[in-house]
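Welcome to a short tour of a protein structure. We will look at accessibility, charged pairs and empty spaces in turn.

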Amino acid sequence: MADTRTPDALGPVPLGDVLERITDGIIALDADWRIVYINTRGRELLDARDRPLIGEDYLEAFPRAAETSFVDEYRAAFCEQRPRQFVEHSRTVDRSFEVQVFPSPNGISVYFRDVTERVRAELERTEREGRQDALIQFGRIALGRISTGRLLADALELLMAYIAVPYAEIFLYDARERRYVYGEVAGLGIGIAPRSAPPLTEEALAGLLSGTTMTSLDVREDQRFLDGDTFDRLGTTAALCVPVGTEEGALALMFAYGDAATIGSEANARFAEAIATTLTEALRSKNTRRSNREILESINDAFVACDENLTITYVNERMAAFWQMRAEEIVGKNLEWFSRYSGGAETIAHYKMALLTGKSATFEAFFPERQRWYENRVYPFASGVAGYVRDVTRRKGAEMQIRELNVELERRVRERTHQLELANADLESFAYSVSHDLRAPLRAIDGFSQALEEDYGHHFDREGSRLLGRVRNAATRMAALIDALLDLARIARKPMTYVAVDVSKIAQSVVDDLRRSSPSRDVRVLVESGMGAFGEPALVRACLENLIGNAWKFTRDTPGAEIHVGRAAPGEFFVRDNGAGFDMAYANKLFGAFQRLHSVEEFEGTGVGLASVAKIVHRHGGEIRAEGSVGRGATFTFTLPTEAPSKE
Amino acid sequence: MTSPYVLLIEDNEDDIELTRRAFARNHIVNDLVVARDGVEASDLLFGGEPDKLLPQFILLDLKLPRVSGLELLERIRGDARTALIPTVILTSSKQDEDLLAGYHLGANSYVRKPVDFNEFVEAVRQVGLYWLVLNQPPPVDKT
């Protein structure tokens, strides 16, 4: 467009309709700054429709132009005789104009258009971007702020930098106590009494706490506000209330008081909310840090954290007490400083190792000066290492006591074992002696009784021979008793080896032996197949020999004798017969050594068989029980392991 | 010792007499020479002139004063002159350990003395029959 409008064509006089139709404002000045022309649009833009203007001095007609760069620009264009272009805000009409100035030796022609909206949008955009940058900056600072007060002050500073309000305040809010905990104010808050609770009705507060921003353009008339008058004194009529917090609850409440235009701005409200969001995160992270800290303070262990150079960054109170210093004195020191204490150097070596390897470590250290044991647990983390120290003196004492007790116990066990071994050896020699020495006289009794009968039998009558026979019978029976006793002792002493035993096969073999030894007996025997257990084969066999042998013996007088060897459950076996049976009243006497429920004349035996069986079953960790009734048979049920017991 | 004999090593006088009686009942006519303990038996077997007559077989009790039966057996089997003499353990013990040790040391038989004299006679009969009649003794080195 500028190309078509040459300075010559725009000569001061005469001016045609063309210029009138141009939508830009046009004003022409001569070399003495007198207005020689202004078009209708120009008059409109400059709010000078009804003024004469033509022939007037430009600066007299528009005096405020001197306050801005219009005059300088015109002068420069004329002097340099070069066109100029610029954007400037006119104080005359409070509008922004984009201006083109075309000079000629006679004067200048000025074309200007209203760009107020464009400039405002531009400004807003710039401001918005500025706000965003400021928010990001605030976020960075906020997350690192240790002091809550400073954090709140930062938030207010940011708020007031971008929202033109004279006064703002922010309070930490305790929702449970329904009151302010701590607050910061900024701006012209002079004369405002410190608050202890939000100046809002219950309902308004509830809305705010639920997370909704609240705007009031006239607090004096707003029923939601309790003390609108206070702010009237500051000349503020509107209020912006923004909750700081999460859905779970407000952490703080932020208030900005100002004029209706500023408070009513949607952009301002959004910005305040953005600050609140950032503040929420910062407060929450602070809370987390604080709770971490509280945890570290509350644990019973002493705690120390170091950075990667072993500079101590944190100690809890217990650690401070451990070194008998104040925490502030310790933080900032290097861990090496503590190597002056005995035990310290070793401890530090562990920390260095943990840093180097990234592996945690646990070790115990004895501090001779204190006569105490400490357990250290060292954990490396991304940028340093942390240690927990616990006094384990009592535990160590207990451990040592236990160790001493164990040593004593072992000594006593050894002593006792030795005594038992001696006793066992005594028993061995006793059994040996019984076996040899008790039998020899019996043999003599029997042998010489017979010699007497052989050599002097003709001197005896029948009664004499019968009495001699009784002597010999007694000797034989005593020999059997001695043997049974020795067998019982052997069962008790025999070392146990657990192997898989085929109970069915052993039982069948026992039955076969019995059939061979008494071929005249007619006994129906049922041995279930596939019965297995774990045990010492010789003892399991002895057990079955006794039980089946008993069944065999006690069915001697039973017509249709039957013996059933079976399994009641895995590992639970029984031997049942339909023989003489026994009276359950004496069942508890069955398994005692030398206990008999029948006379020797009725059924021969030593009374040791069932005692042996019980001994065998018990040595396998099993149980045995007997059921029966007189004349109706007996059932012996016993258990054996179904798997080899573990070595322990 | 000039005629073939059986050596009984036994300290119990009752058992000695019963054994003699059992020999008599079985009509074993060989002399029964008795040693009352291991030392006496050793003297008899290993002492004296080198050319003396050795027993046809030995009946050995295990429980003996001074030198035990098993010790004596070990010595009998360890000496070239006596190593091949049939030796039968004749004892009251039926302990497994004694049985095993006896056989390990080279006993030819292990006989438990029954309390019943008739059984004892029978045992002696069988031992005597086997070792005196049926068994072919090892050739005597005459060189």
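A residue is called buried when its relative accessible area is under 20%, exposed when this value is over 50%, and partly exposed in between. Please keep in mind throughout that the model is predicted.

**Salt bridges**

Let us begin with a pair in chain B. Glu13(B) and Arg36(B) form a salt bridge whose closest N and O atoms are 2.8 Å apart. Glu13(B) sits in helix α1 (residues 13–25) of chain B, while Arg36(B) belongs to the loop between β2 (31–35) and α2 (38–46), so that the pair links distant parts of the chain, 23 residues apart. Is Glu13(B) buried or partly exposed? Its relative accessibility is 45%, so Glu13(B) counts as partly exposed. Arg36(B), with a relative accessible area of 32%, is partly exposed too.

Chain A offers further pairs. Glu98(A) forms a salt bridge with Arg118(A). Glu98(A) lies in strand β4 (residues 95–104) of chain A and Arg118(A) in helix α5 (residues 116–144) of chain A, so this salt bridge ties together parts that are 20 residues apart in sequence. Glu98(A) has a relative accessibility of 19% and therefore counts as buried, whereas Arg118(A), at 48%, counts as partly exposed.

Another pair in chain A is Asp446(A) with Arg472(A). Here helix α14 of chain A holds Asp446(A) and helix α15 of chain A holds Arg472(A), so the pair ties together parts that are 26 residues apart in sequence. Asp446(A) is buried, at 0% relative accessibility, and Arg472(A) is buried as well, with a relative accessible area of 13%.

The table sets out the distances for these pairs.

| Acidic partner | Basic partner | Closest N and O atoms |
|---|---|---|
| Glu98(A) | Arg118(A) | 3.2 Å |
| Asp446(A) | Arg472(A) | 3.1 Å |
| Glu13(B) | Arg36(B) | 2.8 Å |

How many salt bridges does a search of the whole structure find? The search gives 50 over all chains. Some charged residues are linked in a network of salt bridges: Asp301(A), Glu364(A), Glu375(A), Arg377(A), Arg390(A), Arg395(A), Lys396(A), Glu399(A) and Arg403(A).

**Chain B and a surface patch**

Chain B has five helices and five strands. Followed along the sequence, they come in the pattern β-α-β-α-β-α-β-α-β-α. Chain B has 143 residues, of which 49% count as buried.

On the surface of chain A, a nonpolar patch is formed by Leu452(A), Tyr456(A) and Phe460(A), which together have about 260 Å² of accessible area. Leu452(A) is placed in helix α14 (residues 393–456) of chain A. With a relative accessible area of 35%, Leu452(A) is partly exposed.

**The largest pocket**

Now for the empty spaces. The largest pocket has a volume of about 1100 Å³. It is lined by 45 residues, and the closest to its centre are Asn546(A), Val608(A), Gly609(A), Leu610(A) and Ser612(A). Which elements each supply at least two residues of this lining? In chain A they are α15 (462–493), α17 (537–554), β20 (572–577), α18 (609–619) and β22 (634–639), and they are joined by α4 (96–104) of chain B. The most comes from α17(A), with twelve residues. By type, the lining of the largest pocket has 19 nonpolar, eleven polar and 15 charged residues.

**Cavities**

There are six cavities of 30 Å³ or more. The largest cavity has a volume of about 180 Å³. Of the 16 residues lining the largest cavity, Met319(A), Phe322(A), Trp323(A), Leu335(A) and Thr347(A) are the closest to its centre. Two or more lining residues come from each of β12 (312–315), α11 (317–322) and α13 (344–357) of chain A, and α13(A) gives the most, with four. The lining of the largest cavity divides into 13 nonpolar, three polar and no charged residues.

The second largest cavity holds about 110 Å³ of space. Among the residues that line the second largest cavity are Ile27(A), Tyr58(A), Phe62(A), Ser90(A) and Phe112(A). Its lining divides into nine nonpolar, two polar and no charged residues.

How values were computed
Residues are numbered from 1 along each chain as its sequence is written. Chains are lettered from A and ligands numbered from 1 in the order in which they are written. This is a predicted model: local features need pLDDT of at least 70, side-chain atom pairs count only at pLDDT 80 or more; totals for chains, interfaces and linings use all residues. Side-chain values use heavy atoms; hydrogens and water are left out. On a 1 Å grid over the protein atoms alone, a cavity is a set of points where a 1.4 Å probe fits but cannot get out, and a pocket is an open set with protein on both sides within 12 Å along at least five of seven lines; lining residues have an atom within 4 Å of a point. Grid points are joined across faces, edges and corners, and a volume is the space filled by probe spheres set on the points. Ala, Val, Leu, Ile, Met, Phe, Trp, Tyr, Cys and Pro count as nonpolar, Asp, Glu, Lys and Arg as charged, and the others, Gly among them, as polar. Patches are made of residues with over 30% relative accessible area and no salt bridge: like charges are joined within 9 Å, nonpolar side chains (Val, Leu, Ile, Met, Phe, Trp, Tyr) within 5 Å. Accessible areas come from the Shrake-Rupley method with a 1.4 Å probe; for residues, only the protein chains shown count as cover. A salt bridge is a side-chain nitrogen of Lys or Arg within 4 Å of a carboxyl oxygen of Asp or Glu. Buried means under 20% relative accessible area, exposed over 50%, partly exposed in between (1.4 Å probe, protein chains only).
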